[in-house]
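This report describes a single protein chain, going from its buried parts to its charged pairs and its largest pocket. Please keep the sequence and the structure in view while reading.

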Amino acid sequence: MEPLTHLRIDPAWCGTPVELREGSAEVELLTRPEMAADEQGLVHGGFVFGLADYAAMLAVNEPNVVLASADVSFLKPVRVGERLVAIAAVGDVEGHKYRVHCAVRGADGDVLQGRFTCVVTRQHVLDAKPNGPAAAPHAQQ
């Protein structure tokens, strides 16, 4: 299966799709020195979250999918050079709203677990008229 969304994502920052199936995705990321938050090599959580978010988008795999909300727990720290794998699976679907569970795993187990609410819009969110209901994620819920 080919990706239909987020086609310009840089794999160096958000990961590389390893496996895509209907309703699920697996994305791999090798953390880099530029992701360090400090001199000890602690990877900033935003990069881990970005990996999980990207995997969730690919699990939905619609051209106009956006993130509406996320509830995540960071379970363990990540070090520069660590290989992470995000596994995302679509759960409930209500109209245009998809609830996706994602776990990010490192060498010693899960480093993040989360639930993402993704919304498929009729058109690209940047093509929506200001204050119009055409593409705003909150208007689709």
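A residue is called buried when its relative accessible area is under 20%, exposed when that area is over 50%, and partly exposed in between. Leu29, at 1% relative accessibility, is therefore counted as buried. The model in view is a predicted one, and the values below are computed from it.

**Two buried strand residues**

Leu29 belongs to strand β2, which covers residues 24–30. Leaving out residues up to four places away in sequence, Leu29 touches several parts of the chain: Pro11, Ala12, Trp13, Cys14 and Gly15, then Met35, Phe47 and Leu51, and finally Glu82, Arg83 and Leu84. One of these partners, Arg83, is 54 residues from Leu29 along the chain, yet the two C-alpha atoms are separated by 5.8 Å.

Thr117 lies in strand β6, residues 109–120. With a relative accessibility of 14%, Thr117 is also buried. Apart from neighbours within four places in sequence, Thr117 is in contact with Val66, Leu67, Ala68 and Ser69, and with Lys97, Tyr98 and Arg99.

**A partly exposed strand residue**

Ser73 is part of strand β3. Its relative accessible area is 37%, so Ser73 falls in the partly exposed class. When neighbours within four places in sequence are set aside, Ser73 is in contact with Val111, Leu112 and Gln113. Asp10 is 63 residues from Ser73 along the chain, and the C-alpha atoms of this pair are separated by 24 Å.

**Charged residues**

How many salt bridges does a search of the whole structure find? The search finds five. The table lists some of them, with the separation of the closest N and O atoms in each pair.

| Pair | Closest N and O atoms |
|---|---|
| Arg21 and Glu19 | 2.5 Å |
| Glu34 and Arg32 | 3.2 Å |
| Asp110 and Arg105 | 2.8 Å |

The partners can also be described by how far they are open to the surroundings. In the pair of Arg21 and Glu19, Arg21 is exposed, with a relative accessible area of 53%, while Glu19 is partly exposed at 32%. Arg32, which pairs with Glu34, is partly exposed, with a relative accessible area of 24%. In the pair of Asp110 and Arg105, Asp110 counts as buried because its relative accessibility is 17%, whereas Arg105 is partly exposed at 39%.

Which side chain of opposite charge is nearest to Asp53? That side chain is Arg99, 15 Å away, and Asp53 is buried yet has no salt bridge. A salt bridge needs a side-chain nitrogen of Lys or Arg within 4 Å of a carboxyl oxygen of Asp or Glu. Asp53 sits in helix α2, residues 45–60. Not counting residues up to four places away in sequence, Asp53 touches Leu67 and Phe116. Leu67 is also among the contacts of Thr117, and so is Arg99.

**Two residues with positive phi**

Most residues other than glycine have a negative phi. Asn61 is not a glycine, but its phi is positive, at about 55 degrees. Asn61 is located in the loop between helix α2 and strand β3, the latter covering residues 65–74. The relative accessibility of Asn61 is 6%, so Asn61 counts as buried.

His6 likewise is a residue other than glycine with a positive phi, near 50 degrees. His6 is found in the segment before helix α1, which spans residues 11–14. Unlike Asn61, which is buried, His6 is partly exposed, with a relative accessible area of 31%.

**The largest pocket**

His6 also has a place in the lining of the largest pocket. What is the volume of the largest pocket? It is about 150 Å³. The residues that line it are Thr5 and His6, then Pro63, Asn64, Val65 and Val66, and then His124 and Val125. Of this lining, four residues are nonpolar, four are polar and none is charged. Val66, one of the lining residues, is in contact with Thr117 as well.

Definitions and conventions
Residues numbered from 1 in each chain as written. Predicted model: local features only at pLDDT ≥ 70, side-chain atom pairs only at ≥ 80, totals over all residues. Heavy atoms only, no water. 1 Å grid on protein atoms, 1.4 Å probe; cavity = no way out; pocket = protein on both sides within 12 Å on 5 of 7 lines; lining within 4 Å. Points joined across faces, edges and corners; volume = space filled by probe spheres on them. Nonpolar A, V, L, I, M, F, W, Y, C, P; charged D, E, K, R; others polar. Buried < 20%, exposed > 50% of the residue type's maximum accessible area, 1.4 Å probe, protein only. Helix = DSSP H or I, 4+ residues; strand = E, 2+ residues; numbered from the N terminus. Lys, Arg positive; Asp, Glu negative; His and termini not counted. Contact = heavy atoms within 4.5 Å.
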